[in-house]
Amino acid sequence: MQPSGPGRRRGRFPVARFGADYETMRAVLVLIDGARADVLRELLGRGELPHLARWVIEPGGFAVGTTVFPSTTGVAYIPLLFGRYPGSVDIPGIRWLDRRGAAGTSGWRAQWHAARSYCGIQGGWLNRDITPAPSLFDLVPQSMAICTPLTRGLGPGANRIPTRRMILGAAAHYVGIYPTLDRAVARAWLDAALEPWRFLFVVFPGVDGISHLKDPHHPAVLESYRLVDRALGAFVARVKQKRGELPALFVVSDHGMTVMREHCDPAVLLEREGIPTLRHPVHVWRRDARVATMVSGNASVQLYFEPRSGRDRPRTESEIPGAILDRLLALPAVRLAGCRDDSGGVIVRTKNARALLTETSGMVCYTPQQGDPLGLGGYVELDDREMLSRTRETELPDAPRQLLQLFQSPRAGDLVLAAAPGFDFRGPWEVPEHRAGHGSLIAEHMEVPIAASVALPDAPVRTVDVMPTILERLGVAVPPGSAFDGVPFSKLAATTQPQIR
Ligand SMILES: [Zn+2]
């Protein structure tokens, strides 16, 4: 298929349209924030998600895919809407430090700006902080979205229930009324069913929100999955009644979730040892700060050393204070640490092991220098998708790619820590206390359900593959000069299942 007409420009990104089916090809991406693949599968097995089974999985399929690091809301939406890793578009976490902005000479307002957190009133800044790259909304002009924090490229009136998302979202966070918010999303979805969109993005925040307050297997969380399924059923019924043909349907999650048994806040630990530490929410103006800790998820944290120095360039391994690194690596809460190698690449550390990750000419290289921190059995050199397959069933799925992509971003911390199962990096002081969380590189945070009414490949998939798949399904050409980190499902199938002639 070739583009039938001239590309047309919308905003900064040229949009090419394909042939005659253009107006009838439509797609819906439903994001069940924080849905665990195993919980979804268990509910499917019990027949409790009949609409997902009938309208999505039966014509297409279901796979357990992997998300990005840090595996956290907002950041992990980027692959779904941009087809890029967060590090590729310079968003290293849901909190990060703008090194230049945090310099000692700047005023209180600049200090607050520099300590970026998309969890509160800076939430909307996520849209402007992403480096120039076309979103699905840019590339599919007739896009509509319900309850999303990522809105870049949406046209006027296409961002549905933004006020309810803000008000109910805040109320839900503090008093737990997530079912009210999810029901508002379901209503807006049904209302939008017959409108002339081509791409519709629908976000249900309830599973994530209630899981944080209770646990990922709590009956109230399971009920949130069923609520999404009922909403899907109502949407399908309305579309079939009036228009007949169903859009392509994708139902995914942005990260997994586990119960947190222990909170281990590195900022509190450093302060106890006499090291002033800049952190959220109220210590972003910490006097004489020597370290900044920026938590995502809450099971990952990025550390920035000498945050008031005004130094723009991230530190490499030899510039990181060894005593602090050793102290952190000794914590049971730390599964692994990562930092930039002095001569390129990324160093992976655990208490007793260390390895170098590099990438040259499309080959990802894992070189253990002491022990085997990623548990890959020794030196491994593979191309990107082979490395994904090789690491997919390990305790840290896709860790080489995910660490490399994170440290592409100059905004990423000097050091990143990924938490061990059962631990996170914020104190019990957080309101409300997080009893469950995500953010780490461990399998239970990285694994996500990917259900689609289109064929799924017989190969490991990532959430970053969903966006190129949707574009292909909609017949929208990739604009010249744009590169995606993901690959459409159809191409993955082609590369992993050699044609027999
Ligand atoms: Zn969450």
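Which residues of β9 are buried on one side, and which on the other? The views below come from a predicted model, in which local features need pLDDT of at least 70, side-chain atom pairs count only at pLDDT 80 or more, and totals for chains, interfaces and linings use all residues. Residues are numbered from 1 along each chain as its sequence is written, and side-chain values use heavy atoms, with hydrogens and water left out.

**View A. Strand β9 and its parallel partners.** Phe-199, Phe-201 and Val-203 are buried on one side of β9, and Leu-200, Val-202 and Phe-204 on the other, where buried means under 20% relative accessible area, exposed over 50% and partly exposed in between (1.4 Å probe, protein chains only). Because 6 of the 6 residues of this strand (199-204) are buried, β9 is largely enclosed by the rest of the structure. Strand β3 (residues 27-32) runs parallel to β9 and is joined to it by 6 bridges, with Leu-29 opposite Phe-201; strand β7 (residues 143-146), also parallel to β9, is joined to it by 4 bridges, with Met-144 opposite Leu-200. Strands pair if DSSP finds at least two bridges between them; strands (E, at least two residues) and helices (H or I, at least four) are DSSP runs, numbered from the N terminus.

**View B. The zinc ion and its donors.** Asp-208, through two OD atoms, His-212 (NE2) and His-438 (NE2) coordinate the zinc ion at 2.1 to 2.5 Å, donors being N, O and S atoms within 2.8 Å of the metal (3.2 Å for Na, K and Ca); water is not among the atoms, so sites may look incomplete. The arrangement is irregular because the 4 donor atoms subtend angles of 55 to 151°, whereas four donors count as tetrahedral if all angles lie between 85 and 135 degrees, and as square planar if opposite donors are over 155 degrees apart and all others between 65 and 115. Asp-208 in helix α9 (residues 206-213) and His-438 in the loop between β23 (436-437) and α15 (443-446) are 230 residues apart. Asp-208 counts as buried at 10% relative accessibility, and His-438 at 2%.

**View C. Surroundings of Asp-90.** Asp-90, in the loop between α3 (78-82) and β5 (95-97), is buried with a relative accessible area of 13%. Leaving aside neighbours within four places in sequence, Asp-90 is in contact (heavy atoms within 4.5 Å) with Asp-129, Thr-131, Ser-409, Pro-410 and Arg-411.

Conventions:
Tetrahedral: all angles 85-135°; square planar, octahedral: opposite > 155°, others 65-115°.
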